[in-house]
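The following note is offered to a colleague who wishes to read this model alongside its sequence. The points are numbered for ease of reply.

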Amino acid sequence: MERSELIHQIMEEIHESTEIPMDEMKENSAIMDDLDLSSLEIVMVISELEKKLHVKFPESELRNIVTIGDLADVISRCSPANRINTDTTDKAKSRRRFRKSERGGI
């Protein structure tokens with residue numbers, strides 16, 4: 001997803017959750033200060049974005065979100081497309097070890 005699309009989707013979710021007009025939002029809008037969202041409203045927006053975008057934000061990342069752009073950055077870092085599937089990697093290592101043990105090596 002392009003960054004502009006992601007920013008637009010974040011703004012749409014903020015609008016749906018808070019009724020703040022989208023034309024009052026910009027990428028550099030501070031979520032609490034400029035848009036005057038409460039911490040509860042921010043949690044609700046983030047929760048909806050996690051569901052819609054199939055991402056889970058680590059708590060450590062949430063502390064760094066100040067602007068809409070920051071939220072887009074966190075989503076990009078946490079996106080499944082940007083993550084390495086360690087489960088698949090571990091399975092491949094296990095298969096190699098099993099094959100090696102079948103040949104008599106460890």
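**Notes on the model**

1. The lining of the largest pocket draws most on helix 2, which supplies six residues. The pocket encloses about 330 Å³ of space. Its lining comprises 15 residues, and those nearest the centre are Ser39, Ile42, Val43, Ile46 and Leu62. Sorted by class, the lining of this pocket holds ten nonpolar, two polar and three charged residues. It should be borne in mind throughout that the model is predicted.

2. As to the overall fold, the chain contains five helices and zero strands. In sequence order the pattern reads α-α-α-α-α. The chain has 106 residues, and 31% of them count as buried. Among the contacts in the chain with a separation of 6 or more, 50% are between residues 24 or more positions apart. The accessible surface of the chain is about 7,500 Å², and carbon and sulfur atoms account for 50% of that surface.

3. Which residues line the largest cavity? They are Ile14, Ile31, Leu37, Ile42, Val45, Ile46 and Leu71. By class, this lining has seven nonpolar residues, with no polar and no charged ones. The structure holds one cavity of 30 Å³ or more, and the volume of the largest cavity is about 30 Å³. Helix 2, which spans residues 39-53, contributes the largest share of the cavity lining, namely three residues. Ile42 and Ile46 appear in the lining of the cavity and are also among the residues nearest the centre of the largest pocket.

4. Helix 4 covers residues 68-78, and its buried residues are Ile68, Gly69, Leu71, Ala72, Val74, Ile75 and Cys78. Against which helices do these buried residues pack? Their partners are helix 1 (3-18), helix 2 and helix 3 (59-62). Leu71, one of the buried residues of helix 4, is also one of the residues lining the largest cavity. At the start of helix 4, the backbone nitrogen of Gly69 has a side-chain oxygen of Thr67 within 3.3 Å.

5. Thr18 belongs to helix 1. A polar atom of the Thr18 side chain lies 2.6 Å from the backbone oxygen of Ile14, and Ile14 is itself among the residues lining the largest cavity. When residues up to four places away in sequence are not counted, Thr18 touches Leu37 and Glu41. Of these two, Leu37 is likewise found in the lining of the cavity.

6. Is Met1 buried or exposed? Met1 counts as exposed because its relative accessibility is 65%, and the cut-off for that class is over 50%. Met1 sits in the segment before helix 1. Leaving aside residues up to four places away in sequence, Met1 touches Leu6, Gln9 and Leu53. Met1 and Ser79 are separated by 78 residues in sequence, while their C-alpha atoms are 9.9 Å apart in space.

7. In reviewing the model, helix 2 may serve as a point of reference. Helix 2 gives the most to the lining of the largest pocket, provides the largest share of the lining of the largest cavity, and is one of the helices against which the buried residues of helix 4 pack.

Methods
Residues numbered from 1 in each chain as written. Predicted model: local features only at pLDDT ≥ 70, side-chain atom pairs only at ≥ 80, totals over all residues. Heavy atoms only, no water. Helix = DSSP H or I, 4+ residues; strand = E, 2+ residues; numbered from the N terminus. Buried < 20%, exposed > 50% of the residue type's maximum accessible area, 1.4 Å probe, protein only. Contact = heavy atoms within 4.5 Å. Areas by Shrake-Rupley, 256 points an atom, 1.4 Å probe, with all protein chains shown as cover. 1 Å grid on protein atoms, 1.4 Å probe; cavity = no way out; pocket = protein on both sides within 12 Å on 5 of 7 lines; lining within 4 Å. Points joined across faces, edges and corners; volume = space filled by probe spheres on them. Nonpolar A, V, L, I, M, F, W, Y, C, P; charged D, E, K, R; others polar. Polar contact = N/O pair within 3.5 Å; in protein donor to acceptor, adjacent residues only side chain to side chain.
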